[in-house]
Amino acid sequence: MSSQSTVVGSAPLLEVRDVIQRFGGITAVDGASITVRAGTVHGLIGPNGAGKTTFFDCIAGIRRPVGGTILLDGHDVTNESSVRRARRGLRRTFQRQQVFGWLSVEDNVLLAVEWHGGGGGMIGDLLGLPSRRRRERERRERVEAVLERCGLLRLRNELAGGLSIGELRRVELARAIVDSPRLLLLDEPTSGLEDHEIEELGEILDQLAGTDDCGVLLIEHHIPFVMRHSAEVSVLELGRLIAHGTPEEIMRNEAVQDAYLS
Ligand SMILES: Nc1ncnc2c1ncn2[C@@H]1O[C@H](COP(=O)(O)OP(=O)(O)OP(=O)(O)O)[C@@H](O)[C@H]1O
């Protein structure tokens with residue numbers, strides 16, 4: 001790697017070491033390593049086809065890397081399923097939004113709580129147990145809070161299928177953060193957003209990291225956004241990490257300028 005990083009900070013939350021992923025003859029990720037610290041945003045940038053999304057897929061457990069290790073909160077999750085990693089608090093958004101168009105905004109978010117295990121169970125449902133009713137109330141409050149945080153309260157009863165791209169991105173974000181993730185992987189979250197929405201997204205990210213102590217790994221082509229909101233930045237080119245450092249170090253790095261920023 002061509003940069004000497006001066007990054008220091010909180011304890012590692014995600015440690016990815018020497019991950020390799022291939023598609024036939026293409027090595028999409030070629031021995032890449034990265035550390036995401038709790039309570040910080042880590043930007044991951046690089047040209048189209050650099051391997052960023054494939055790297056995410058390996059971290060989320062959607063693809064099993066052919067080499068390397070992935071530690072989440074100190075646990076080796078390299079061979080764990082995506083469901084198990086989600087139970088450990090890993091959440092992810094996608095380049096193409098994954099919401100249910102035939103459900104309301106609120107139900108989309110409620111469903112995310114159910115899937116992540118906040119529903120309380122079928123037996124409690126059937127018997128109408130007090131614990132179940134309390135959990136249901138807490139769940140509704142949590143959803144309400146996240147709708148407000150993502151600027152979605154006024155849209156809560158709208159069908160998701162009728163929303164703009166910017167609104168859909170916010171629904172997806174609300175689904176990802178509704179149950180306080182430990183680690184959030186965001187794949188090009190500013191894509192399709194208006195300037196004021198990008199600004200609001202930045203505030204949500206700062207809050208998630210600073211107040212909620214969540215670690216965020218951010219794939220993004222909007223370089224000013226990455227530099228403004230990340231504590232550290234890694235640069236991927238042809239599956240290899242060519243630089244890592246603070247935003248200032250990355251902006252000054254000649255190899256990064258040549259490969260990507262010029
Ligand atoms: N399912 C697949 N089958 C075959 N090749 C793939 C597959 N997915 C990705 N690739 C290849 O792996 C390489 C890395 O792709 P990837 O989508 O991870 O890059 P990226 O950095 O996320 O790009 P972008 O910024 O355009 O989203 C590319 O050469 C791509 O063509």
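In the predicted model, strands β9 and β10 form a hairpin in which two residues lie between the strands. One residue of this turn, L238, has a positive phi of about 45°. The two strands, β9 covering residues 232–237 and its partner β10, run antiparallel and are joined by five bridges. Within this pairing, S234 has H244 of β10 as its bridge partner. Strand β10 spans residues 240–245 and is mostly covered, with five of its six residues buried.

A second hairpin is made by β1 and β2, again with two residues between the strands. Here the turn contains G24, whose phi is positive at about 55°. Strand β1 comprises residues 12–23 and is antiparallel to β2, to which nine bridges join it. Strand β1 also pairs with β4 (residues 67–72), in the antiparallel sense and over five bridges. The residue V16 illustrates both pairings: V16 stands opposite I34 in β2, and V16 also stands opposite I70 in β4.

These strands belong to an open sheet of four strands, arranged in the order β2-β1-β4-β5 with antiparallel pairing. The edges are occupied by β2 and β5 (75–76); each has a single partner strand, so one side of each is left without a neighbour in the sheet. In a regular strand, side chains alternate between the two faces of the sheet.

The ligand is surrounded by F23, I26, A28, G46, N48, G49, A50, G51, K52, T53 and T54. Two elements, β2 (26–37) and α1 (52–60), each give two or more residues to this shell. The largest contribution is that of α1, which gives three residues. By class, the shell around the ligand contains six polar residues, four nonpolar residues and one charged residue.

Helix α1 is itself largely enclosed by the rest of the structure, because eight of its nine residues are buried. The buried residues are K52, T54, F55, F56, D57, C58, I59 and A60. Of these, K52 and T54 are also listed among the residues around the ligand. After α1 comes G61, which has a positive phi near 90°.

At the level of the whole chain, the protein is divided into two domains. Domain 1 consists of residues 1–89 together with 181–262, and domain 2 consists of residues 97–180. The centres of domain 1 and domain 2, taken over C-alpha atoms, are separated by 27 Å. Contact between the domains involves 13 residues of domain 1 and 13 residues of domain 2. On the side of domain 1 that touches domain 2, the elements giving two or more residues are α2 (82–87) and α7 (195–210). Helix α7 supplies the largest share of this side, four residues. The composition of the side of domain 1 that touches domain 2 is seven nonpolar, five charged and one polar residue.

Helix α7 includes D206. This residue has 14 C-beta neighbours inside 10 Å and therefore counts as partly exposed. Although D206 and V41 are 165 residues apart along the chain, their C-alpha atoms are separated by 7.9 Å.

Helix α6 has 13 residues, 165–177. From its first C-alpha to its last, α6 reaches 18 Å, close to the 18 Å expected at 1.5 Å a residue. Eleven of the 13 residues of α6 are buried, so this helix is largely enclosed by the rest of the structure. The buried residues of α6 are E167, L168, R169, R170, V171, E172, L173, A174, R175, A176 and I177.

The residue R96 is placed in the loop between β6 (90–92) and α3 (105–118). It counts as exposed because R96 has 10 C-beta neighbours inside 10 Å. The separation between R96 and P224 is 128 residues in sequence and 22 Å in space, C-alpha to C-alpha.

Definitions and conventions:
Residues numbered from 1 in each chain as written. Predicted model: local features only at pLDDT ≥ 70, side-chain atom pairs only at ≥ 80, totals over all residues. Domains from an automatic or database assignment. Contact = placed C-beta atoms within 7 Å. Nonpolar A, V, L, I, M, F, W, Y, C, P; charged D, E, K, R; others polar. Near = placed C-beta within 6 Å. Pairing = 2+ DSSP bridges. Buried ≥ 20, exposed ≤ 12 C-beta atoms within 10 Å, placed from the backbone. Expected span 1.5 Å × (residues − 1).
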